[in-house]
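Visitor: Please start from one residue and take a close look at the part of the model around it. Then go on to other parts, and explain each term as you use it.

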Amino acid sequence: MQRKILVTGANGKVGTSLSEALQKMGQPHVLGVRNLDCATQDGSVERRCFDWDDQATWTRALDGVQALYLIKPPHDEPAPAIKELLASCSHLERIVMMSEIHCQAQNDSEPQRAAEVVVERSGISFCILRPNWFFQNYTTGSYAPKIRQQSILETASASQPVSYIDVRDVAAVAALELLNDDERSQHLPLTGREALTSRDLADIIGSVVGRPISVSEIPLPDIRARILARGGSEATADFIVGLSRNIAEGRNAGVTDTVERLTGRKPISFSTFASEYARYFND
């Protein structure tokens, strides 16, 4: 079916891939970006200013839109802003929200889970995506500089397997769910095709770039200290440390069939990803 879609976080990892997927499908959509002057997306797609800290931008961004790809606002408490936004969006037919793996295990009052609850209680048909950690964290994320400059892969655990996923697979599912005319709402756990340890990742990257990649375990207190040193809030540190603790304690190894079941193909493998993105592992 055809719906006009607003993609928030359009310059992010998933947002960029989602726009590409929607263009291939011939699906009309607009890109919600905070700063129009700094937007990097294809100029053939309409861009609109969308700023979580400026409610005046919300109405214009959502004009004529029937479906919303929703990235949580970068706030310590994201739920209030989402609630205000959705209160002004009674015309929406579908919301696809980006969350994270294991969010359902949190208490409903915890910030990230509370954001999900707002969507669940909005009265609008929704799909909440709960992906595992992204492959792209190792090419454009916080882990990338150490790999490029020092051939070190940092991790919360060298030995615990994680079913990492490519953002392109997340985007493919998001695109299908934005167009889903089934009125049932759902939560979708998203993983890659296999669970790999950080040592496995280092070996695969090393074989692609032709140099050894070592693995360095970072204790959870050090992860927290780094976030705070970069100016992150206590809430942000709690969030990232919680995600890292799940890895360190072996909770992220499960593999789901969601990507294959919905898209009709297997998820992209890390080996394929590493070969395609080899240039990002070199300084």
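**A buried residue and other details**

Guide: N246 counts as buried, because its relative accessibility is 13% and buried means under 20% relative accessible area, with exposed over 50% and partly exposed in between (1.4 Å probe, protein chains only). This is a predicted model, in which local features need pLDDT of at least 70, side-chain atom pairs count only at pLDDT 80 or more, and totals for chains, interfaces and linings use all residues. Residues are numbered from 1 along each chain as its sequence is written, and side-chain values use heavy atoms, with hydrogens and water left out.

N246 sits in helix α9, which covers residues 234–248. Helices (H or I, at least four residues) and strands (E, at least two) are DSSP runs, numbered from the N terminus. Leaving aside residues up to four places away in sequence, N246 touches H102, R251 and N252; contact means heavy atoms within 4.5 Å.

H102, one of these partners, belongs to the loop between β5 (94–98) and α4 (111–120). With 22% relative accessibility, H102 is partly exposed. Most residues other than glycine have a negative phi. H102 is not a glycine, yet its phi is positive, at about 70 degrees. S151 is another non-glycine residue with a positive phi, of about 55 degrees. S151 lies in the loop between α5 (144–150) and β7 (152–155), and is buried at 16% relative accessibility.

Next come the cysteines. A disulfide is a covalent bond between the sulfur atoms of two cysteines. Here a disulfide is a pair of cysteine sulfur atoms within 2.5 Å, and by this rule the count is zero. C103 is in no disulfide, as the nearest cysteine sulfur, that of C127, is 14 Å away. C103 is buried, with a relative accessible area of 0%, whereas C49 is partly exposed at 27%.

The loop that holds H102 leads to α4, which packs with helix α3 (residues 79–87). Two packed helices are described by the angle between their axes and the distance between the axes. The axes are lines fitted to C-alpha atoms, for helices over the stretch in contact, and angles run from 0 to 180 degrees between N-to-C directions. For α3 and α4 the angle is about 15 degrees and the axes are 8 Å apart. The two helices are therefore roughly parallel, since angles under 35 degrees count as roughly parallel, over 145 as roughly antiparallel, 65 to 115 as roughly perpendicular and the rest as oblique. In the contact, A79, I82, K83 and L86 of α3 meet A114, A115, V118 and V119 of α4. These residues divide into seven nonpolar, no polar and one charged. Ala, Val, Leu, Ile, Met, Phe, Trp, Tyr, Cys and Pro count as nonpolar, Asp, Glu, Lys and Arg as charged, and the others, Gly among them, as polar.

Before α3 comes a loop from β4 (67–71), and P73 is found there. P73 is buried, with a relative accessible area of 4%. Residues up to four places away in sequence aside, P73 touches W52, P78, A81 and I82. P73 and W52 are 21 residues apart in sequence, but their C-alpha atoms are 6.1 Å apart in space.
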